[in-house]
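Hi,

Here is the structure I promised to pass along. Have a look at it first, and my notes follow underneath.

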Amino acid sequence: MSETLQVIRERRSCKSYKPDMIPEEVIQTIAEAGTWAPSGMGRQSAIIVAITNKELRDRLSRMNAQIMGADMDPFYGAPVVLVVLADKKVAFSGHIFECVDSGFGTKEPVDVVVRPEDVDIVPEDKGMLKGVVTSVTFLGVHYEIIVDINGFKWMIQTTDFVDVDEHIGLFIEPDAIHIMKKSEYSGMFGDYSSFSNELDELSDTESENAE
């Protein structure tokens, strides 16, 4: 442990590098260490690519400098650049989901939209999310099902019947998850995932009580 503390104390930022190429075994060791850096839920899902080609390295440098609005080499002359790649993921309802939307920063708060008809009901042990059915209403063509998942009410529209008090799993495909910038109205309209008849009835009751 004392050696670890010594390394932490002696760590310094370097803003000037020699142009000498680093031995491949050293690059591999550094990249492996990076893949073991702490990550959400211990997934260690990052992929690290070492850029040793000077032409490509210089191109990345110019691109980064343009983004930064700076007339300099953001890599401070380092001959090798490590590029960290990560899957597109979003966390909500206690689970990390694969998604397809991009353009958001790491750990950036966002609004997540999942249409009721895009949620699949599966056996509980196969679900990304697990909950208990609290209400089932047949609407002529499909069922409107309310599922309680750790106190949050999900409204599902499906042609598959499940019964009240049944424990089920929910499965959501990556392209069914829509990510949006956080809205100032987020969280203002109750704990239902979407509009439902049950929510409408509760709203009517609240309005009557207010009068």
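**V100 and its surroundings**

Leaving out neighbours within four places in sequence, V100 is in contact with K88, P174 and D175. Before I go further, please keep in mind that this is a predicted model. V100 sits in the loop between β4 (95-98) and β5 (110-113). Is V100 buried or exposed? Neither label fits: its relative accessible area is 43%, so V100 counts as partly exposed, the class between the buried cut-off of 20% and the exposed cut-off of 50%. I also checked V100 against V90: the two are 10 residues apart in sequence, and their C-alpha atoms are 9.7 Å apart in space.

**Strand β4, just before that loop**

Two residues of β4 caught my eye, E98 and H95. E98 has 37% relative accessibility, so E98 is partly exposed. The C-alpha of E98 is 9.1 Å from that of I172, although 74 residues separate the pair along the chain.

H95 comes out at 22% relative accessibility, and since buried means under 20%, H95 still counts as partly exposed. What does H95 touch, once residues up to four places away in sequence are set aside? The list is V90, M128 and L129. For M128 there is a backbone distance too: 7.1 Å from C-alpha to C-alpha with H95, across 33 residues of sequence.

**D148 in β8**

D148 belongs to strand β8, which covers residues 143-149. With residues up to four places away not counted, D148 touches G131, V132, T134 and K153. T134 lies 14 residues from D148 along the chain, and their C-alpha atoms are separated by 6.6 Å. D148 has a relative accessibility of 23%, so it is another partly exposed residue, given that buried means under 20%.

**Two positive phi angles**

You may want to look at the backbone in two loops. Y76 is not a glycine, yet its phi is positive, at about 55°. Y76 is located in the loop between α3 (54-68) and β2, and with 31% relative accessibility Y76 counts as partly exposed.

The other one is D165, again not a glycine, with a positive phi of about 75°. Where is D165? It falls in the loop between β9 (152-158) and β10 (167-172). D165 has a relative accessible area of 57%, and because exposed means over 50%, D165 counts as exposed.

**The second largest pocket**

Next, the second largest pocket, which has a volume of about 280 Å³. Its lining consists of Y17, I22, I27, I30, F75, A78, P79, V80, V81 and L82. The elements that contribute two or more residues to this lining are α2 (24-35) and β2 (81-85). What is the make-up of the lining by class? There are 10 nonpolar residues, with no polar and no charged ones.

**Cysteines**

I also looked at the cysteines. How many disulfides does a search of the whole structure find? The count is 0. As a reminder, a disulfide is a covalent bond between the sulfur atoms of two cysteines. C14 has 38% relative accessibility, so C14 counts as partly exposed. C99, by contrast, is at 8%, and because that is under the 20% cut-off, C99 counts as buried.

**The chain as a whole**

Finally, the overall numbers. The chain has 4 helices and 11 strands. Of its 211 residues, 25% count as buried. The accessible surface of the chain adds up to about 14800 Å², and 53% of this belongs to carbon and sulfur atoms. As for contacts in the chain between residues at least 6 apart in sequence, 64% of them join residues at least 24 apart.

If you open the model in a viewer, I'd begin with V100 and its contacts with K88, P174 and D175, then go to the pocket lining, including F75 and L82.

Cheers

Methods:
Residues are numbered from 1 along each chain as its sequence is written. This is a predicted model: local features need pLDDT of at least 70, side-chain atom pairs count only at pLDDT 80 or more; totals for chains, interfaces and linings use all residues. Side-chain values use heavy atoms; hydrogens and water are left out. On a 1 Å grid over the protein atoms alone, a cavity is a set of points where a 1.4 Å probe fits but cannot get out, and a pocket is an open set with protein on both sides within 12 Å along at least five of seven lines; lining residues have an atom within 4 Å of a point. Grid points are joined across faces, edges and corners, and a volume is the space filled by probe spheres set on the points. Ala, Val, Leu, Ile, Met, Phe, Trp, Tyr, Cys and Pro count as nonpolar, Asp, Glu, Lys and Arg as charged, and the others, Gly among them, as polar. Buried means under 20% relative accessible area, exposed over 50%, partly exposed in between (1.4 Å probe, protein chains only). Contact means heavy atoms within 4.5 Å. Accessible areas come from the Shrake-Rupley method with a 1.4 Å probe; for residues, only the protein chains shown count as cover. A disulfide is a pair of cysteine sulfur atoms within 2.5 Å.
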